[in-house]
Structure formats: structure tokens, C-alpha cells
Amino acid sequence: MEPKLVFDYFSQINKVPRPSKKEEKIIAFLQQWAKDNDIECHADETGNLLMRKGATPGMENKATVVLQGHMDMVCEKTSDCNINFDTDPIETYIDGDWMRAKGTTLGADDGIGIALAMAALTDSKIEHGPLECLFTRDEETGLTGAFAIKPGFMTGKYLINLDSEDEGEIFIGCAGGANTEATLDVETEDLPANYFPVRLSIDKLRGGHSGDDINKHRPNAIKLLVRFLDQAREKYDIRLTDIQGGNLHNAIPRQAEAVIAVPFKDKENIRVDFNVFSREIEEEYHDEASMTTHMESEEASSCIRKDIADKLIMALNAVDNGVYEMSIDLPGLVETSSNLASVHLEGDKVRLVTSQRSSIDSQRKALSASVSSALRLAGFVTKTADGYPGWKPNAESKLLKIAVDSYKRLFGKEPKVKAIHAGLECGLFSEKYPGMDMISFGPTLRGVHSPDECLLIPTVDMVWKHITAILKDIPED
């Protein structure tokens, strides 16, 4: 696979555990790697790393360029995968032109970006001016590293973020976002006599990135499950014993399950209804080939108090999820969205996480308030985080012109210049380095934030050639 150096580094990275908020091992690996390769390396108080390399001879007067990616990865796995993300490597394999992982996320988001930057620091054949590489921590669950970057840590005039997922597309803007979290105190009571408990599950959906994939007709497992629960609540005297679904705030939930109980006289009817519902959603989402639905007998002796459970189910059914508004300025761009990311009954509390994104901060705030209102009506206590800013597009960017011109020269076609609904760290960098000229691009990824994540191998070489051409074409400072 070419470029060999990039894939060698990616292989090394995938041997190092790097869940979000647990980046100590990858930080230590990169620091040792820099030392072994005689590369200047600095760490800030948060654990962000900045590596520097001098210009190749004759290019000392060029402006400094920063290549940037994040060290952490989303750790999602299939229900039958036994990997321990804190200790085990990611096992990759080749499937035609695609690289995949066995039962887990691949980690190309953003391990391949880190590998590209590492190759730029060590490949003696490429030409460049002064070069900096910034590796941030905890991008996926809070942008912690980017929030903590202080002015002056970087010195570059231009920044290339290597965390985008469609080769041939150059991004110059992104959405801002915030999480709205909620808790509901619940009381339990004994399950009435002559009630039959069953476990309902919806599993193996495609899921995906809650920003980039929110407009791709991907079903949310939690929303599907509570849709059935609400229908059953209207028809039968059901009791809710347990509900669990989703995992990460920035992933569309792939799995959800609940334990309910119905009177013995209704146990066959509820099975028939669930089978009918399963066929309905299979028709609605006929491209979800791996989706499974299942009902099985369960044991239970207590349940959530019925009035509380009814409000919980109605709130989950009512809360906004999916695309809320499309942009009127950029056709095809999702402007505002919400994702019901997770729900978990833990002891005497139900904990809920949602995320709202928008290119317009006032609209994001309005949607967060709408989500909070729906949940508060059911008795939830809600809190919306401060969130992260969007990145305003700059169509007059000098770096963009260089990138477009070099892409046309290399590949004989125009790249697409776009904004993205997902969040990028560039929004925070633009606040702290207001004069910095930034773009974002990367190789083609699919299924990010899910075990279906895969990397289109030929696009890595295209991105590598594009990076090296841009570095060569940077003007003097």
C-alpha cells in the first residue's frame, strides 16, 4: 500500500490504545517516536503535542505550516467483539480497496491524519518550509485539547486540519455544537402479579457520525425502540423495568434494549405486535441489511413506577432527533440537527445524553432549549454545556487557493469546496489564532464512529500527494 511510510505509521498507531480521555499511551508513544527521530517536541499542560521540523534547504523563508490531527479515537465495537480498548490493539484487514477493523472502529478517525503528519516530519524526499505538527487530545468527547490550546503554542501562519472524510473535498467551515444532558429520578414498585416480562432489543444498525451522517437516513436505535414502547403503552398496561441504549454523544445509536412486562393475557399479542413493528421498520430502512430485532422472555420482580415510566417513554418519543434545518446559503448542507445519543437506567436515575449542532449559534441554542423543554415536561433535570464554536468559512483564503490550484494540477479536476455539519477543532483555533488561515481535508472514510468504519486505501496516496504539493507551494512569509 502506498505511501508505505504513512501506512507503516498508521499500523504502529493502531497498536497503541487511545480511547478518548485515555490518551496517555499514545502521548508517550509519540514523544518517544519524536525523540528517536530527533524531532523537536513540546507538550502543554493538557497533553497536546507540538512537533517542529526546520525547512528543507532553500525554503527557509517560506511561511510556517501546521499539520493538525487528534490522537484519540471513538471506541465502538460489535456486540460479539471482546476487545478491551484500554489494552488491546486494533486488528485491521484489507477488503478490496478498503481497510477495515475486526469488530471495532478502525481508528482512521483520526489516526490516519496523525500518520500523514508523522510522514511529513520524517520523509526526506519532500520539500517544505518550516513545519509544525499539532496533535490534540480528546477531540471526540469534548474537544478538551483544542479548548486548552493557548495562544503562542503554535507559530504557523497556515493550518491544514487532517480530520475530514471525503477525498476531493476541501472544507473551510464547520458547525458548532453542545451536549444537552438530562437526569430523571425514578421510583420502583413491585411488578404486579400475573405479569410477563420480556426483553426487547434493536441491534446492529449502521449508526455513524452524529454530524456527518445525520442526513443519511440512518435510524436511531433508541428512537425506534421508544416508538414501539409508546405504541404498546397506548394499547396495553405495560410496565417498564429497564432501558438502555447508545454509548457516545457523537454517534448515532446502533443498539437499544428495554425490559417491559405485560399482563399474561397479552403476552402473545405483544409478540405479534413486535413482529409487525419489526417488519415495518425493515421496510422503512430496507438498506439496513444487518439490523436485528429480538424479543425474549426475561426475569423481573420490580419496575419503574407506572406514571414515571409513561412520562419517560413519551419524552423520549417526543424529543427532537435528526435534521432540523437545512442551510439556505449552502445547498445540501445540514444547518441544524439533534441526536438522541444515549439513555441508561442506572440505579434510581435515568441518564440521557443528546447533542445539538448548527452553523448558526442562535439556532443551536434554540434547539437545545427545545430539547430541554420536552425533557423537563417529563420531570427531567437538564443541563446544556457551553459547547464549541463553529468555524466561519473564508472564501478568500490564500491557503484555499493554493490547495485548489495544486489539486487541479495533480488530478486534473476541481475539488469541491464545502462546509461540514460535523464539528472540527478549527472553530476553536480560529478563536485563539484569529489571523490563522485554515483548511481541512483527508482521505475517504465511511462508517466513522461505528464498527463499520473503513478507509479507502487509494485516497491516502492522493491526500499525501496533495499535502506535499501544498507544502512546496506555500509562499514566503
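## Helix α1 against helix α3

L5, V6, Y9, F10 and I13 of α1 touch A108, G111, I112, I114, A115, L116, M118, A119 and T122 of α3, where contact means heavy atoms within 4.5 Å. Sorted by class, this contact holds twelve nonpolar, two polar and no charged residues. Here Ala, Val, Leu, Ile, Met, Phe, Trp, Tyr, Cys and Pro count as nonpolar, Asp, Glu, Lys and Arg as charged, and the others, Gly among them, as polar. The helix names follow DSSP runs numbered from the N terminus, with helices being H or I of at least four residues and strands E of at least two.

A word on the model itself: it is predicted, and local features need pLDDT of at least 70, side-chain atom pairs count only at pLDDT 80 or more, while totals for chains, interfaces and linings use all residues. Residues are numbered from 1 along each chain as its sequence is written, and side-chain values use heavy atoms, with hydrogens and water left out.

Two packed helices are described by the angle between their axes and the distance between the axes. For α1 (residues 4-13) and α3, the angle is about 130 degrees and the axes are 8 Å apart. That makes α1 oblique to α3; angles under 35 degrees count as roughly parallel, over 145 as roughly antiparallel, 65 to 115 as roughly perpendicular and the rest as oblique. The axes are lines fitted to C-alpha atoms, for helices over the stretch in contact, and angles run from 0 to 180 degrees between N-to-C directions. In its crossing, α1 passes α3 in a right-handed way, meaning that the near helix is turned clockwise from the far one by less than a right angle; anticlockwise would be left-handed.

## Helix α2 joins α3

Helix α3 (residues 108-122) also packs with α2 (residues 24-36), at an angle of about 15 degrees and with axes 12 Å apart. The two helices are therefore roughly parallel to each other, and the crossing of α2 and α3 is right-handed.

From α2, the residues F29, L30 and W33 meet I114, M118, L121 and T122 of α3. This contact has six nonpolar residues, one polar and no charged ones. I114, M118 and T122 of α3 thus appear in the contact with α2, and they are listed in the contact with α1 as well.

## Helices α5 and α7

Further along the chain, α5 (residues 221-235) packs with α7 (residues 306-318) at an angle of about 130 degrees, their axes 9 Å apart. That makes α5 oblique to α7, and the crossing is left-handed.

On the α5 side the contact is made by K223, V226, R227, L229, D230 and R233, and on the α7 side by D310, I313, M314, L316, N317 and A318. Its make-up by class is six nonpolar, one polar and five charged residues.

## The largest pocket

How much space lies in the largest pocket? The volume is about 690 Å³. On a 1 Å grid over the protein atoms alone, a pocket is an open set of points with protein on both sides within 12 Å along at least five of seven lines, for a 1.4 Å probe, and lining residues have an atom within 4 Å of a point. Points are joined across faces, edges and corners, and the volume is the space filled by probe spheres set on them.

Of the 41 lining residues, E140, T141, G142, H249 and N250 are the closest to the pocket's centre. Strands β9 (176-185) and β18 (349-358) are the elements that give two or more residues to the lining. By class, the lining divides into 15 nonpolar, 15 polar and eleven charged residues.

## Backbone points to check

Most residues other than glycine have a negative phi, and most peptide bonds are trans. The bond from E2 to P3 is cis, with omega near -5 degrees, and P3 sits in the segment before α1. The bond from D109 to D110 is also cis, with omega near 5 degrees; D110 lies in helix α3.

K21, in the loop between α1 and α2, has a positive phi near 70 degrees. D138 has a positive phi near 50 degrees and is found in the loop between β6 (131-136) and α4 (144-148).
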